[in-house]
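Hi there,

Here is the structure I promised to pass on to you. Have a look at it first, and then read my notes below.

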Amino acid sequence: MSSPYHYMQLPREVIVRNGTLARVTEVVQRLGLSGSALIVAGQKSCEIAGKQVRDLLQQAGMNVDTLLVKTVTNKEILTVEERIKEWKPRVLIGVGGGTKIDAAKLSASRQNLPFISVPTTLSHDGIASPLASVKGLDKPYSVMAQAPLAIIVDTDVIVQAPWRSVISGCGDAIAKFTAVKDWKLAHAEKDEYYGEYAASLALMSAKLVMKNAKLIQPGNDEGLRVLLEALISCGVAMSIAGSSRPCSGSEHLFSHALDMIKCPHAMHGEQCGVGSVLAAYLHRADWKRIRDTLKQIGAPTTARELNVKDADVVKALEMAATIRPERYTILHKLNLDREACEKVAKITGIIS
Ligand SMILES: [Zn+2]
């Protein structure tokens, strides 16, 4: 590790329940950030939640500007940064699904501005993590940004998102099962720093989602709460670890590889779930349990369900380790050739 000390940046406030958008003013005031705010949102998330956030802050006497972003590329991050430089807000509020939150998180971090996360979907663990994934950077995986100062999750907003985003969130949470195995492996074989607390927190999130899989159904608030708490805990695990290590292993590398091979592709968490089945098989862990839980939730477990070709799955598995040579995982250890990758994908039923 290059840093001389271990740095942890954690969220200060996490507010979760129905109707919590109404608390945004109170949170901003308590954090001493009154004055001006910049909201970064997508068109749809602005309608669903952004406008309400803006109106509430304006009613409290704040100056509020809204910047709509579409796809989140490095160019759009720079646009947000320009607006921050021009307008000098006290706080940046990201309202949206994963990508909009990431755009807000990274631009705020680059401009040294506090960031509040207001997710409108539960599609992955970026809602609470200090990392951001942005297209067009030199790396296809997440980079360190900053932890949100506050996270406000309104379940009345979350239930409006497509159900598929919940399934994706579950896949991302279950994927921690193999991410933690890869981290342990890197510690044992490469003497990499390993934090048992962060690892336990990430693993517990995966286990709780798996244990409560039957509750993950539309209209079941308890199931949604399990997922929400799991994803927030994953974000905190990354904050404690100071990297994405507890939450991102070989299954994430597989997903990143698939993103590079096939676009448009399935959702992040859907791909990581399938990646986790493959990685669990390679770790000689209970891959069938992961597959069966994903099936129970309604998540993809085959190439066909991911809407990719069998050959793309094999190619992604073969290429995954090359994306991050420094992040040692079971894929780096085994160094599988194409034939071996095909065999693994067939045995696990991901390809036919
Ligand atoms: Zn993820």
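Let me start with a ring: Trp287 is buried, with a relative accessible area of 11%. Please keep in mind that this is a predicted model. The partner of Trp287 is Tyr281, and the two form an edge-to-face aromatic pair, with 6.0 Å from centre to centre and 75° between the planes. Unlike a buried residue, which has to be under 20%, Tyr281 has a relative accessible area of 27% and is partly exposed.

A search of the whole structure finds 3 aromatic pairs. Elsewhere, ring pairs join Trp183, Tyr193 and Tyr194 into a cluster.

Two lysines also sit over rings. Lys181 lies over the face of Phe177, at 5.4 Å from the ring centre, and Lys190 lies over the face of Tyr328, at 4.9 Å from the ring centre.

Now for the metal site. Which residues coordinate the zinc ion? They are Asp172, through two OD entries, and His252 and His268, each through NE2, at 2.1 to 2.8 Å. Along the chain, these donors follow the spacing D-x79-H-x15-H. Asp172 belongs to helix α6 (residues 163–174) and His252 to helix α10 (residues 250–261), so this pair ties together parts that are 80 residues apart in sequence. Both Asp172 and His252 are buried.

Why is the arrangement around the zinc ion called irregular? The 4 donor atoms subtend angles of 50 to 138°, whereas a tetrahedral site needs all angles between 85 and 135 degrees.

Enjoy exploring!

Best wishes

Methods: Residues are numbered from 1 along each chain as its sequence is written. This is a predicted model: local features need pLDDT of at least 70, side-chain atom pairs count only at pLDDT 80 or more; totals for chains, interfaces and linings use all residues. Side-chain values use heavy atoms; hydrogens and water are left out. Donors are N, O and S atoms within 2.8 Å of the metal (3.2 Å for Na, K and Ca); water is not among the atoms, so sites may look incomplete. Four donors count as tetrahedral if all angles lie between 85 and 135 degrees; four count as square planar and six as octahedral if opposite donors are over 155 degrees apart and all others between 65 and 115; anything else is irregular. Helices (H or I, at least four residues) and strands (E, at least two) are DSSP runs, numbered from the N terminus. Buried means under 20% relative accessible area, exposed over 50%, partly exposed in between (1.4 Å probe, protein chains only). Rings of Phe, Tyr and Trp (its six-membered ring) pair if their centres lie within 6.5 Å; planes under 30 degrees apart count as stacked, over 60 as edge-to-face and the rest as tilted. A charge sits over a ring if NZ of Lys or CZ of Arg is within 6 Å of the ring centre and within 35 degrees of the ring normal.
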